[in-house]
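User: Could we go through the empty spaces in this model?

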Amino acid sequence: MTTETKSPALARSPFALALGAVLLVALCLLLSLPQIEAPRTPAGTPWRAETGAAIIADIVGDGAPHPTGSAANDAVRARIVARLRAAGYAPVESQLFQCFSRRRGSGCTQLTNIVAVREGASAKAPAILATAHYDSVPAGPGVADDLAGTAVMLGLAEHLATAPPSRNAIVFLFTDAEETGLRGAAAFAQNDPLMSRIGVAINVEARGVSGPSMLFETGPGNANLVRFYAQHVRNKIADSLSFEVYKILPNDTDFSVYSLAGLNGYNFAFTGSASLYHSLRDDLDHLDRNSLQHHGDNVFALAPALADADLAALQTTSNASYTVFPWGLSVWPSEWNAPLAALALIALIAAAVLARRGLTWRAWAWSLAPLILAPAALFALGWLATYPLAIWPGAQSIDHPAPWPGRLALLALAFVAAFGLGRLFAGRGDWRAHFFTAWFALAGLSLTIAILAPGAAASLLFPALLAGLTALAGQLWRNMLRPAALIGLAAIAYFWVGLFVSLEVVLGFPESAARALMLAPLVWVLTPLAIAAAAPARRAGTIALAAFIAGGAVSAAFAAAAPAYTADRPRGVNVEYYQAPEAEPHWIAHFMGPPDRAYLAANDIATTPQPYDRYGVAAAQRYARAATPLDLAPPTFERTNVSIANGERAISGVVRAGRGGVLRVAVAENSGVLWLRAEGQEVWSRERVAGGARTIATFVGLGERPVAIEIAFEAQRPAPTFWLSERSALPDTEEARALTGSRPPEAAPIHDGDGALVVTRITP
Ligand SMILES: [Zn+2]
């Protein structure tokens, strides 16, 4: 084995390497904090979080949940309209029955959007759309999601009311019905003549109640828009990776609608404290004022600047890649990613050719093993860690109240994997072959990603480029490789430890195997150094490995002992009265994550879930007990006509809510259903909305309004059937109060919240 005489001390002994690598990861964690916490200092815009909080306090009223169609939502809307009028605008409330056909959540909503226009100096110039939604989910008051965005847009409208006109108009749009299928945004995009004037959209959202307001989404052709953002916004938190990740996640905001309609723009959201998202406690007490400040700073910096800009000049077909480095946001053309990744690969190949002397085929063969063993070890260790981190403490899927012990335990596992492999391969092959193989893999991966999802390339591209160029320089200068290994390790640690923490909003401790796997790049680049250090000092290598195992075990023990839920990180628990045909009514306790067994026992609810057909058709599991019948009025379908033509049996009729709740039309699998129309608009068709969902439409905000529908089945079906269900507020009875009142403080209603679900079978 060749050893380098001139190599950094850090990489020569297992202890020095272990200590150095731990310090490096600690530094990376510190550097990644700005990406998980909202900036503490405002950005010098006229926006103040206190003003925002006062606007929210005004429009939220008594803080009751205000879902679309509720009296509370009418009241919130009236207060927004009153503020706009007081500021001198002429707001328009547009009432629409809007249907929207899409993959997730097709149906129709009776809704009311609010639009106020600040005209620009140029009547012909395109306008800015400044928008947020004002409706909430049924479970909570929706302060972060999205009255915070609403307050920012209102604050901007009020701030600009007395300012001289800008070049471009600003259209302030406060949408309704975002939470029930983006139908307010669809109503504006499809019906409002103002839509044709819009040149760029700014949407402000939330998927939590704290954290930085990230620019997490733009549209294709975003190169100039991202540069504009970089020029005008001071506290910039944005990563083109988030857009690539967001594209594959089952989340949507109003921005999706504008994007589908061909608009480009900016979508901001904060995502911290995700367990409060859509919960009863998404209230003013829990909204992080720094997040509210950051939201407003972004919009107050961007919207007026856009209003004075030549929007046509911002149009382009090229895309930007961007990421936050320790010194700030960098933006570069996405077209550079593939050539840069190729350059990294070429530099590595050239360095390997120069270093090939002394590297046997045997050494190269050994070096392939850690490539496969590292992810396998991480997955296995991560799976084992699921027990102390999530299964035994019964942790929720995301947003642990005390995440640091768990994070440290998983990071320790990465060191266990690297130092374990280092110890295993210490006498086998040559560490330099391990170095090159690991970096060939990473550079190859970065080239693949640069081609397939350019926005996601940075986290591998920059480390590969740094490692490749320093390896080549080291070889050309004096056969030196360790500096390249250390610089590459630092770059990988910076990107991947930060990612590991910030992706917690989608990958929690119950997914510890997948989370540990995210640290595979770190293990790949640390293993060659661990091999080099352990080769002349095996005993020290063993002790370093043992220290990481002990550190991981202690962290995991702390994580297991920490409470999985607190009042500020509650478990989602909904109480539901359930009434379906040919069955006794039941009380159901719904849990987000693992069930609360103490709550079930205290309320005489079976602790083993029972199967049932939710909405009449969908096989689900419930924790339930018998309920005293309340005989709630069911939704109704009144048939008016049946016609058979072209192999289709079309049934027309009128649906009505029984109690002003949300209606759902569902069909069994293989029901032979073909399409559904509501008041002449296509809501569902097999072609347009594929997938296994058996709910084919929801109707929201109807109140007492009847809806004429047409539903078609294959004509040869003798007796087509569908199911009509309605979910409304929970009736205030003694039984209901006992169930909701016994919910512990570390639990809170979430999403749909408490309610009554009445299912009816329709055989027209
Ligand atoms: Zn929202």
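Analyst: The exchange below covers a pocket and the cavities.
This is a predicted model, where local features need pLDDT of at least 70, side-chain atom pairs count only at pLDDT 80 or more, and totals for chains, interfaces and linings use all residues. Residues are numbered from 1 along each chain as its sequence is written, and side-chain values use heavy atoms, with hydrogens and water left out.

User: How much space lies in the second largest pocket?
Analyst: About 350 Å³. A pocket is an open set of points on a 1 Å grid over the protein atoms alone, with protein on both sides within 12 Å along at least five of seven lines; a cavity is a set where a 1.4 Å probe fits but cannot get out; lining residues have an atom within 4 Å of a point. A volume is the space filled by probe spheres set on the points, which are joined across faces, edges and corners.

User: Which residues lie nearest its centre?
Analyst: Of the 16 lining residues, Leu241, Ile449, Trp496, Leu499 and Leu503 do. Helix H7 (240-248) gives the largest share of that lining, four residues. Helices are DSSP runs (H or I, at least four residues) numbered from the N terminus.

User: And the cavities, how many of 30 Å³ or more are there?
Analyst: There are three. The largest cavity holds about 60 Å³, and its lining includes Ser367, His434 and Trp524.

User: Which helix supplies the largest share there?
Analyst: H17 does, with four residues.

Technical notes
Helix = DSSP H or I, 4+ residues; strand = E, 2+ residues; numbered from the N terminus.
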